[in-house]
Each structure stands twice: as structure tokens, then as C-alpha cells.
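Welcome! Let us take a friendly walk through the empty spaces inside this protein and see what lines them.

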Amino acid sequence: MVTHDGWTKSTCAYCGVGCGIEARVLGSGKLEVRGDKSHPANFGKLCTKGIALGDTVIEDGRLLYPQQRIAGKWQRVAWDEALTTVADKFTQTIAEYGPDSVAFYVSGQLLTEDYYVANKLMKGFIGSSNIDSNSRLCMASSVVGHKRAFGMDSVPVVYEDLEQAEVVILVGSNLAWCHPVLYQRLRVAKENNPDLKVLVVDPRRNESCDIADQHLPIHSGSDVALFNGLFGYLADHQALDREFITKHTNQFEAALAAAQQETNTADVTGLTSTELDQFYRVFAEHKRVVTIYSQGVNQSTQGSDKVNSIINCHLASGKIGYAGCGPFSVTGQPNAMGGREVGALASTLAAHMEFDQPQEMAAIREFWHTDSLASKPGLKAVDMFDALAVGKIKAIWIMATNPVVSLPNSDKIQAALENCQFVVVSDCIADTATTRCADLLLPAQGWSEKSGTVTNSERRISRQRKLLASPGQAKPDWWIVSQVAQRMGFKEQFDYHHEGEVFREYAAMTGLNQHVKPRDLNLIGLAKLTDQEYHHLMPQQWPVLEYQSELVNQRLFTDKQFYTANGKANFLAVSHRMPQRQISAQYPLLLNTGRTRDHWHTMTRTGLSTRLASFHCDPYFMIHPDTAQQYQLNDGHIATVSNQQGKVRAKVMFNDGMKRGELFMPIHWNELTAADAKPCSLVDPRVDAYSGQPEFKCTPVEIAPEPTPNSVVVATENPLTLGRSDYWSRQKIAGGYLYYIRSGREVAQILSELPKQEGDEVSYRSGSWHFKATRQGAKTVRLVVVSTVANFTSEHVSDVAELFAQTEEVMSTQQRFYWLEQRW
Ligand SMILES: Nc1nc2c(c(=O)[nH]1)N[C@H]1C(S)=C(S)[C@@H](COP(=O)(O)OP(=O)(O)OC[C@H]3O[C@@H](n4cnc5c(=O)[nH]c(N)nc54)[C@H](O)[C@@H]3O)O[C@H]1N2
Ligand SMILES: Nc1nc2c(c(=O)[nH]1)N[C@H]1C(S)=C(S)[C@@H](COP(=O)(O)OP(=O)(O)OC[C@H]3O[C@@H](n4cnc5c(=O)[nH]c(N)nc54)[C@H](O)[C@@H]3O)O[C@H]1N2
Ligand code: SF4
Ligand SMILES: [Mo]
């Protein structure tokens with residue numbers, strides 16, 4: 001049942017766990033959200049981000065109309081004009097410079113239907129493969145690892161395997177913060193079965209270690225050495241599954257020989273031989289082992305080899321294809337999987353079919369009725385922006401991603417976009433670091449407005465359903481792309497009226513696999529859904545040969561048949577290589593980057609929730625107290641981290657789980673929410689040679705304290721534009737935004753530079769505090785609090801937020817001041 005008592009089923013907007021939700025619109029217009037008890041990903045559970053979904057569907061900051069930059073100024077344009085402009089610019093550029101002079105940069109936050117149409121237009125009709133996705137930054141190394149080992153990009157396990165395992169290993173995954181509902185399932189499984197062992201492999205003691213039996217704090221980038229050591233151990237301790245190896249694998253000897261070359265595992269990984277032995281023994285002695293891995297593995301110049309080093313160990317011990325075991329790459333974005341399925345990556349063709357297979361190319365040509373099918377792979381994300389920087393790509397369309405924040409070397413990305421002749425951005429939000437570089441902005445429907453499908457980490461396809469009307473003139477991404485395609489002359493092939501039509505076509509296309517090369521990606525059972533059936537679609541886990549009216553849990557490779565030429569899985573000979581960038585006397589610290597619990601990427605959505613903003617309100621570096629002391633850094637003070645490429649400022653956060661000599665910084669803050677807080681300003685664009693995935697997790701840097709004795713807190717109804725001379729960060733509070741400014745400059749100077757605010761001003765002073773309110777009638781529109789004594793604590797900041805939300809009827813400005821004076 002899709003709708004019951006006013007509740008409509010849909011899927012969470014955020015991570016790859018893909019939790020089912022139920023939502024209803026309250027009389028107040030607010031969206032109430034709860035977990036869907038019948039959804040097999042979460043059985044009713046939600047994490048903090050899922051619970052707060054209703055807070056983020058507000059109109060604040062939305063991009064409401066198509067806009068074009070004309071003579072440096074944004075002007076509203078009609079949809080028809082905007083779509084025609086995109087079609088004309090792309091058509092002209094292709095006519096003049098050829099199909100490879102244009103590009104699409106897309107995202108795992110698009111729906112499968114959006115993704116399918118964008119891929120069809122670029123590869124099928126423009127005739128270029130210059131369509132890549134931000135999944136390149138996220139899953140590309142796993143895709144390569146799967147293809148090399150299994151002959152296909154398939155995730156073998158299902159979530160249930162976590163509950164059935166005897167051992168779960170987390171490698172470079174902070175499941176507790178990044179896939180919280182899956183982590184909860186693991187935690188409960190461990191409570192129910194105290195024998196279930198959880199092992200964490202991560203340079204820092206991350207939050208998932210709370211339930212771990214062993215934490216292996218390996219040196220950054222040394223995973224291949226660790227798993228090659230395990231492979232050698234399995235061979236030395238009669239823990240190989242000889243029968244499985246002989247019957248179902250290729251290239252075992254070569255891979256084992258390469259692994260055995262690795263003799264100094266302890267030195268390379270920084271682990272003691274006791275720690276290694278303990279870890280290896282647990283893996284060898286248990287039959288049901290799941291190895292979950294994520295960005296600590298993928299985002300590395302050896303990402304693909306790291307993946308294969310893990311898969312090698314599972315193959316060597318036959319730990320694949322039955323309950324409670326297998327290698328498990330957990331996906332980041334809600335539809336990272338959908339993008340991989342559809343084929344919207346520059347390195348693959350469509351629906352898991354490939355460029356190097358003439359039969360597959362012919363099948364697609366016929367299926368799409370096209371003569372212009374691209375014939376070779378296109379540019380991967382980092383190369384695509386390099387081509388943009390040198391003017392080879394002259395028009396780009398960016399959909400549902402914010403590359404000025406999320407790609408390495410932010411300044412270069414920004415400059416490349418600013419120099420490009422024509423930049424189109426489809427987004428839900430008007431002002432982002434990337435929309436600032438656009439020539440044309442197209443308003444897209446966001447989560448709760450759009451409708452279609454997403455696939456989660458366990459290959460489960462779920463519906464996202466429309467819950468609310470779209471604000472302004474926002475449109476679905478699939479519609480926008482189809483309309484442009486029609487205007488480029490491909491009317492018939494893109495004449496879609498409903499997302500269900502796109503889905504059916506895509507499902508039918510996966511069926512081609514049956515004829516050209518059997519693959520697990522087969523949704524043929526969904527190719528003939530009626531509109532009604534699509535509307536009511538229950539979660540389906542691929543392969544879907546027949547519509548699944550009951551929930552199923554299908555592991556892959558239970559028959560031990562893989563998708564290689566001889567049906568056997570491939571071992572891969574891999575060797576550890578040191579990360580390309582090493583610390584030096586000048587840059588003696590290693591910067592690791594990742595995620596915090598309550599924010600999502602560049603904060604365009606989680607940044608709208610007061611609840612979510614309160615968990616971590618400022619950008620920070622985690623650092624071991626001993627390292628901090630070495631660099632004269634105090635907890636809570638501001639520090640500058642820099643290298644040859646850029647500079648970042650953030651708060652120092654002591655954390656004794658950090659390795660000495662390393663820093664960890666979250667990726668969320670950027671020019672919209674802080675002064676200089678983008679870690680990608682520091683990360684240089686080195687990539688894995690096979691996957692093209694950047695190395696985001698080990699950048700040599702230096703650190704120095706930044707003296708900021710003066711603090712100003714400003715609560716304000718409207719966002720402020722602040723310069724970069726002072727450190728500042730912004731967070732959402734009830735009724736507006738709160739800015740926290742820290743500076744070495746005089747307070748009077750900082751205040752004199754704040755943007756002017758209309759209204760009546762009232763001001764009070766007491767000791768070291770200065771309090772100034774600006775009112776418009778009963779409403780306070782700005783509240784400024786100044787301290788001449790060092791730091792505001794987070795309690796001070798939340799007091800200011802609380803007082804800002806009061807009206808004069810509830811508490812006069814003077815009462816508010818007294819309240820603060822007494823409390824502080
Ligand atoms: N709250 C929240 N959740 C999210 C997201 C979000 O933005 N916020 N984003 C989603 C997305 S798109 C993704 S891709 C996932 C990412 O999910 P995760 O991969 O779990 O998250 P990260 O924090 O990027 O990195 C994981 C860990 O890798 C470790 N690491 C760094 N270098 C190495 C190494 O060399 N070896 C090993 N073994 N470990 C290393 C880091 O210390 C870190 O703890 O999260 C998803 N979920
Ligand atoms: N240093 C460092 N950098 C990293 C990483 C790291 O660990 N360290 N991780 C990388 C990874 S794994 C990822 S996945 C990326 C994520 O990085 P991004 O993809 O750049 O981050 P988001 O903030 O998710 O950007 C999504 C954008 O799409 C918009 N949007 C949301 N929904 C829709 C929609 O339906 N349609 C359209 N058209 N727009 C929409 C949002 O408003 C937002 O502007 O960051 C990567 N960058
Ligand atoms: S675990 Fe992921 S999918 Fe589930 S509620 Fe949290 S963010 Fe949403
Ligand atoms: Mo990601």
C-alpha cells in the first residue's frame with residue numbers, strides 16, 4: 001500500500017542504505033516523516049538525518065525559476081527560452097567543435113530515470129561519452145575491483161548477511177556516522193549474539209569503534225599490504241579453500257606469489273605482529289565473514305588494488321556466495337547504484353554493456369534507434385575538468401552535484417568553470433559554490449517533489465514518491481533533459497510524458513544483457529509495468545526476472561558462477577605501493593577528510609535544519625592532543641592548515657583516537673557556510689590509474705595556530721555576505737542564521753564592516769560583554785553579541801540562538817540582556 005491514513009511511502013534522500021520512509025503533510029503544511037516498518041533496508045528505523053527530513057523541505061534559498069546571466073546580471077527567463085538556449089548552445093558547439101567538446105557532469109543524487117535519459121542523450125545521440133558522475137569520487141574503485149574479479153560490477157551480499165555473519169570487518173568505513181541504520185542493525189546483531197566479532201581497519205579510531213572487538217590503526221594507504229599479509233597467512237595456515245580455488249577461480253598462483261612478496265607487513269602497516277596475528281586468525285577461523293569497505297579503500301591512488309586485495313582473501317577462503325559472508329562495498333549516495341546500473345559513467349556504455357563488445361554496441365544501437373552511438377569511453381571527472389580548464393570542453397551541464405566544493409583543487413575547478421564558454425547548472429538551491437559559476441540555472445525538483453526510483457547498497461530498487469508540490473517552476477531532471485534533447489532534434493526518442501515510461505524503457509534495456517552476455521543486472525520483470533504498477537512498486541532486488549510481490553533476499557554467486565569468459569572469478573596480483581604524496585619537513589602532517597554525523601556533503605540540505613546544525617556547528621580538525629601540543633594548538637581555538645595548493649581555517653578539536661601526526665577534517669563546510677573551510681582547496685587531483693578516483697584521504701599539510709582573541713556572534717534573519725579576513729562560520733537557527741566570527745582584528749572594525757540592517761537599535765554593555773539588538777516592531781531581526789574575553793562556547797552560541805527567536809511580546813530586549821548577563 002503506497003498511501004494509508006494519509007501516509008505515503010517513499011525513500012530517504014540521503015545515504016546508500018536506502019531506508020524506507022512514510023510521510024504525511026500536516027495541517028500546518030509541515031512534512032512529518034517516520035520510518036517504514038515494512039521496508040527491508042531499515043524495518044522502521046531512521047537516523048538523525050532521516051528523522052530531520054521534514055525540516056529540510058523549506059523554500060529558503062530555493063532556485064525557483066530558470067535564470068540566465070546576461071551582461072553579468074541574473075535575469076529570469078521562461079522555461080521554453082531556457083531549454084532552447086541550452087539546446088542551441090550545445091548544438092552549435094557540437095557542430096563547430098565536434099561531440100567531445102561538450103560534457104555532462106551528473107550525480108548519484110539523480111533518480112535512475114534522470115540518469116537514464118542523460119546517458120541516452122550524451123552517448124546515444126550526441127555521440128560522445130563525456131558524461132561522468134560524482135560517483136567517480138565515490139564508487140569508481142569498487143566498480144573496477146568488481147569488474148576485474150567478477151567480470152561484472154555486482155555487489156554479492158545482502159543486508160541480512162550482517163546479522164548472519166560471525167565476523168564483520170569495517171575497512172575505511174565509518175558506518176556509525178555514514179550508514180547509521182546499517183550500523184544500528186550491526187549493533188543489535190552483536191547485542192543478540194555477543195560472539196559476533198566486529199573489527200575496524202582505519203588510521204583513526206572512528207566512531208564505529210564503539211562496538212569493535214579490535215581496532216587496527218593502520219598507516220594511511222597501507223590496506224593492500226594488510227590484505228596481502230592476510231592472503232599469505234591463509235596459505236601458511238591451511239586456511240585456503242582449495243576446492244573453491246580450483247573449480248571456481250583463475251590466476252590464483254600469481255596472486256598468491258605477489259601477496260607473498262610482501263614480507264614486512266608490520267612495518268608498512270604500522271601494526272604489531274600480535275595485532276596482525278589476532279586479525280588474521282579471526283578471519284581464517286570463521287566461515288561467515290563480511291568485509292564492508294568504503295571511502296578509506298576507494299578514495300586512494302591504489303583504490304582499485306585495495307578492493308581486489310580484499311576480494312582476493314574472500315576468494316582464497318571461498319567466503320562468497322552463501323549467507324553471512326562476502327566482500328561488501330557500501331554505496332554512499334542514495335542512487336550511486338542506479339547510476340552504475342544505467343551506465344552514466346564515462347568508462348562504461350549502458351546497462352552494464354561495454355564499448356569493447358561489438359555485439360553489445362549493436363544491440364544498443366538498435367534498441368535506441370540511433371546511428372550516432374559513442375564508440376569509446378569519455379573523460380572521467382578529473383580529466384573532464386582538466387579539459388574544461390584548457391578549453392577543450394566548451395559547454396558543460398552540471399546536474400545535482402557541487403564540484404567547486406567536492407572535486408580536488410577547488411580553485412582550479414572554479415577557474416575552469418569561470419573560463420568555460422557555457423555552464424548550465426541544474427540544482428534545487430539558488431546560491432551554491434557551483435551555481436555562482438553558471439551562465440544558466442535550471443530549477444530542479446528536490447526530494448519530496450520528484451518521483452522515480454533509486455537503488456541501494458544491496459541492489460534494492462525503491463520508489464521515491466512525490467509528497468509535496470514543487471515551489472516556483474521547479475521541474476524533474478528527466479523532464480529537463482528530455483526537453484533539451486527534443487529541441488536538439490531528437491523528438492521521437494525523448495518523447496517521455498511520465499517517469500514510469502523512462503523506467504520501463506530502462507528495464508527493457510537491461511534485458512538485452514540476456515542476449516548478448518548474461519549478467520545479474522536484469523530487470524526484465526519490470527519492463528512491462530503499467531503506470532499503476534509503477535506507482536505502487538514495492539522494493540525489488542535485482543536481478544528481477546519476475547515482479548517480486550514478496551520481499552526477497554537474493555545473494556549473488558550462490559551457484560559459484562561468475563561473469564568472466566570461463567565463468568570463474570579472477571584473483572588479481574596486487575602489490576602495496578606507498579601513497580604518492582609523502583609528508584616532508586615543510587608539510588609534516590597528513591590530512592584525512594570525510595564526514596560528520598549530521599551533515600550531508602556541501603550542506604545545501606542538512607544546512608537548513610536547526611536540529612542537524614546543532615551537532616557540529618563549525619568546521620573542525622580532529623587532532624591528537626600530543627600533536628596539538630607540538631604545534632602550540634589549543635582545543636577550540638582556530639588554526640590554519642595549508643600546503644602549496646591552498647589554505648583552510650577551522651576549529652581545533654582534540655581527539656585521542658587520532659594517530660599522532662594526522663588530521664581529520666569534514667568535507668561539508670564551504671564558502672557559503674564558513675570563511676576558508678573546504679578541504680578540497682588542499683587536496684591535489686591525483687587519481688587511481690584504473691578507476692580515476694581521486695586520493696582524498698592523505699594530503700601532506702602544515703598547521704599553525706591563528707590568534708583570534710576577539711569574538712562576535714551575530715544572529716540574523718537574512719544571510720550575511722562576509723569577507724575572508726576573519727574566521728567565520730554560519731549555522732541555521734530558528735528564524736534565521738547564526739554567524740560566529742573570530743578575529744585578531746579590533747571588534748569595532750569587525751562591527752563597522754557588517755552589512756547594514758534596517759531597524760531600531762538597542763544596545764547594552766556589561767563587563768566584557770556587549771549586546772546589541774536591531775528590531776523591526778516586535779521582531780528582532782539582528783542580535784549581535786561581542787566578547788572581549790576569548791571564546792564563546794557552544795552553550796553561549798545556543799543561548800544567543802534561543803534569545804533571537806523570542807519576540808518582544810514574550811521577552812523584551814532588556815530582559816533578554818539581563819537573562820544573558822545572569823547566565824554568563
Ligand atoms: N552523515 C553522512 N553520511 C553520509 C554522507 C555524508 O555526507 N554525511 N555521505 C555519503 C557518501 S556519498 C559516502 S561515499 C559515504 C562515505 O562513507 P565512509 O567511507 O564511511 O566515510 P568517510 O568519512 O569518507 O571515510 C571513512 C573512513 O576512512 C578512513 N580512512 C582514511 N584513509 C584510510 C586508509 O588509508 N585506509 C583505511 N582502511 N581507512 C582510511 C577515514 O579515517 C574514515 O574514518 O557516506 C555516505 N553517508
Ligand atoms: N576532500 C574530500 N572530497 C570529497 C569526498 C571526501 O571524502 N573528501 N567525498 C567525495 C564523495 S564520495 C562524494 S559522493 C562527493 C559529494 O559531493 P557533491 O555531489 O558535490 O555534494 P552535494 O552537496 O551532495 O551536491 C549535490 C547538489 O545537488 C543538489 N541537488 C539535490 N537534489 C537534487 C536533484 O534532485 N536534482 C538536482 N538537479 N540537484 C539536486 C544539491 O542542492 C547540491 O547542490 O564529494 C566528494 N568529495
Ligand atoms: S541511514 Fe541513510 S538512508 Fe537511512 S535514514 Fe539515515 S541517511 Fe537516510
Ligand atoms: Mo560518495
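We begin with a closed space: the second largest cavity has a lining made up of Cys-12, Tyr-14, Cys-15, Val-17, Cys-19, Leu-46, Cys-47, Lys-49, Gly-50, Pro-180 and Val-181. Please keep in mind that this is a predicted model. The volume of this second largest cavity comes to about 80 Å³. Sorted by class, its lining holds nine nonpolar residues, one polar and one charged. Helices H1 and H7 each supply at least two residues of that lining.

**What sits inside**

Which ligand sits in the second largest cavity? It is ligand 3. Around ligand 3 you will find Cys-12, Tyr-14, Cys-15, Gly-18, Cys-19, Leu-46, Cys-47, Lys-49, Gly-50, Pro-180 and Val-181. Two elements give two or more residues to this shell, namely helix H1 (48-51) and helix H7 (180-192). The shell around ligand 3 divides into eight nonpolar residues, two polar and one charged.

**What the record adds**

An unreviewed UniProt entry places the feature "domain: 4Fe-4S Mo/W bis-MGD-type" at residues 5-61. In the model, the C-alpha atoms at the two ends of residues 5-61 are 32 Å apart. This span is 7% helix and 28% strand.

**The largest pocket**

Now for an open space. The largest pocket has a volume of about 870 Å³, and 45 residues line it. Which residues lie nearest the centre of the largest pocket? They are Arg-436, Asn-670, Glu-671, Leu-672 and Thr-673. Helix H19 (410-419) and strand S29 (727-733) each bring at least two residues to the lining of this pocket. Strand S29 gives the most, with four residues. By class, the lining of the largest pocket contains 16 nonpolar, 18 polar and 11 charged residues.

**The classes side by side**

Here are the residue classes of the three sets described above.

| Set of residues | Nonpolar | Polar | Charged |
|---|---|---|---|
| Lining of the second largest cavity | nine residues | one residue | one residue |
| Shell around ligand 3 | eight residues | two residues | one residue |
| Lining of the largest pocket | 16 residues | 18 residues | 11 residues |

**The whole structure**

How many cavities of 30 Å³ or more does a search of the whole structure find? The search finds six. Rolling a probe the size of a water molecule over the atoms shows where empty space is left. Of the spaces visited here, the second largest cavity is where ligand 3 sits, while the largest pocket is lined by 45 residues.

Conventions:
Residues are numbered from 1 along each chain as its sequence is written. Chains are lettered from A and ligands numbered from 1 in the order in which they are written. This is a predicted model: local features need pLDDT of at least 70, side-chain atom pairs count only at pLDDT 80 or more; totals for chains, interfaces and linings use all residues. Side-chain values use heavy atoms; hydrogens and water are left out. A residue is near a molecule or strand if one of its heavy atoms lies within 4 Å of it. On a 1 Å grid over the protein atoms alone, a cavity is a set of points where a 1.4 Å probe fits but cannot get out, and a pocket is an open set with protein on both sides within 12 Å along at least five of seven lines; lining residues have an atom within 4 Å of a point. A molecule sits in a cavity or pocket if more than half of its atoms lie within 2 Å of its grid points. Ala, Val, Leu, Ile, Met, Phe, Trp, Tyr, Cys and Pro count as nonpolar, Asp, Glu, Lys and Arg as charged, and the others, Gly among them, as polar. UniProt positions are given in the numbering used here, feature names are shortened, and annotations may be inferred rather than shown by experiment. Grid points are joined across faces, edges and corners, and a volume is the space filled by probe spheres set on the points.
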